[in-house]
Amino acid sequence: MKEMIRLEGLVKSFGDLKVLKGIDLVVQESEVVCLVGASGSGKSTLLRCLNFLEENNGGKIYIEGKAVDPKNDDLNKIREKVGMVFQHFNLFPHMTVLENVIEAPVQVKKVPKEQAIREAKELLLKVGLEEKEDVYPGKLSGGQKQRVAIARALAMKPDIMLFDEATSALDPELVEEVLRTMRGLAEEGMTMVVVTHEMNFAREVADTVVFLHDGNIIEKAPAEQFFTNPQQPQTQSFLQTAV
Ligand code: ADP
Ligand code: MG
């Protein structure tokens with residue numbers, strides 16, 4: 001098995017506020033890890049550290065076996081391997097769906113435009129939006145926008161995908177179409193770290209569920225065990241309110 005992510009003693013503070021207090025976590029190839037926990041527990045900060053949008057103050061991050069040195073490594077190269085989808089889609093409003101999807105491959109990776117368009121069309125087919133390629137984001141529903149955002153992240157051919165509450169901003173009836181897309185990716189073997197409040201999704205799709213509490217991982221278990229037999233009192237009370 002190949003280790004895709006390894007965190008050793010990850011610490012992140014904002015000024016005096018210690019947000020991540022020594023996180024150890026290993027994610028294997030094709031593993032789906034759902035990261036759950038109360039608001040403010042540090043979930044987004046952890047994902048942002050994994051994508052080097054935040055620089056950790058302590059500990060080590062290994063991506064695909066290699067320790068990342070934020071001072072000396074080319075973080076853009078590493079970010080190509082680690083795609084991220086946010087709660088708010090941040091699509092470029094003045095570009096069509098297709099233009100949104102090809103933008104990074106063409107501009108950052110210098111993929112020939114014809115090839116990028118061909119690959120983008122395949123991705124739009126995969127997320128069920130092949131008919132929307134010429135539409136501007138303003139004309140899409142939230143669920144459609146989020147699926148474009150997923151296609152856009154996939155266009156960089158990442159080895160790892162991070163999702164930060166990708167369905168939290170959606171109307172309830174639009175949540176399922178995005179979860180379905182995420183489930184499809186998981187089934188194809190994508191390595192995923194998913195912050196979510198969708199406990200049914202976590203239970204069905206995750207291999208491993210990690211519970212973050214006040215900047216520490218206090219429970220980590222196979223999904224079924226996590227939900228049926230949580231060990232820590234904090235996990236138990238979290239699950240009572242969350243499910
Ligand atoms: P979660 O995603 O679990 O809700 P976050 O990682 O967003 O939690 O936040 C954890 C804590 O870190 C919160 O107390 C939040 O206010 C604080 N925090 C997050 N980002 C910043 C920042 N850029 N500057 C200062 N504090 C921050
Ligand atoms: Mg968050």
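Helix axes that make an angle under 35 degrees count as roughly parallel. In this predicted model, helix α5 (residues 142–154) and helix α6 (residues 172–187) pack at an angle of about 20°, and α5 and α6 are therefore roughly parallel to each other. Their axes lie 8 Å apart, and α5 goes past α6 in a right-handed crossing. On the α5 side, the contact is built from Gly-142, Gly-143, Gln-146, Arg-147 and Ile-150. Helix α6 answers with Leu-174, Glu-177, Val-178 and Thr-181. Sorted by class, the residues of this α5 and α6 contact come out as three nonpolar, four polar and two charged.

Helix α5 also packs against α3. The axes of α3 and α5 come within 8 Å and cross at roughly 30°, and with that angle the two helices are therefore once more in the roughly parallel class. The crossing of α3 and α5 is right-handed. Here α3 puts in Val-97, Asn-100, Val-101 and Ala-104, while α5 brings Val-148, Ala-151 and Arg-152 to the contact. That makes five nonpolar residues, one polar and one charged where α3 meets α5.

Helix α3 (residues 97–107) has a further partner in helix α4 (residues 113–126). The axes of α3 and α4 come within 9 Å, and the crossing angle is roughly 125°, so α3 and α4 are oblique to each other. Helix α3 passes α4 in a right-handed crossing. The residues of α3 that take part are Val-97, Leu-98, Val-101, Ile-102, Pro-105 and Val-106. Across from them, α4 supplies Lys-113, Ala-116, Ile-117, Ala-120, Leu-123 and Leu-124. By class, this contact has eleven nonpolar residues, no polar ones and one charged. Val-97 and Val-101 of α3 turn up in the contact with α4 and also in the contact with α5.

Turning to the ligand, the residues around ligand 1 begin with Phe-14, Leu-17 and Val-19. The list goes on with Gly-37 and then the run Ser-39, Gly-40, Ser-41, Gly-42, Lys-43, Ser-44 and Thr-45. Two elements, β2 (17–28) and α1 (43–50), each give two or more residues to this shell. Helix α1 gives the most, with three residues. In terms of class, the shell around ligand 1 splits into three nonpolar, seven polar and one charged residues.

As for the wider chain, an unreviewed UniProt entry annotates residues 5–239 as "domain: ABC transporter". Over residues 5–239, the chain is 38% helix and 26% strand. The C-alpha atoms at the two ends of this stretch are 26 Å apart.

Terms used: Residues numbered from 1 in each chain as written. Chains lettered and ligands numbered in written order. Predicted model: local features only at pLDDT ≥ 70, side-chain atom pairs only at ≥ 80, totals over all residues. Near = placed C-beta within 6 Å. Helix = DSSP H or I, 4+ residues; strand = E, 2+ residues; numbered from the N terminus. Nonpolar A, V, L, I, M, F, W, Y, C, P; charged D, E, K, R; others polar. UniProt positions renumbered as here; feature names shortened; annotations may be inferred. Axes fitted to C-alpha atoms, helices over the stretch in contact; angles between N-to-C directions. Parallel < 35°, antiparallel > 145°, perpendicular 65-115°, else oblique. Left-handed = near helix turned anticlockwise from the far one by under 90°. Contact = placed C-beta atoms within 7 Å.
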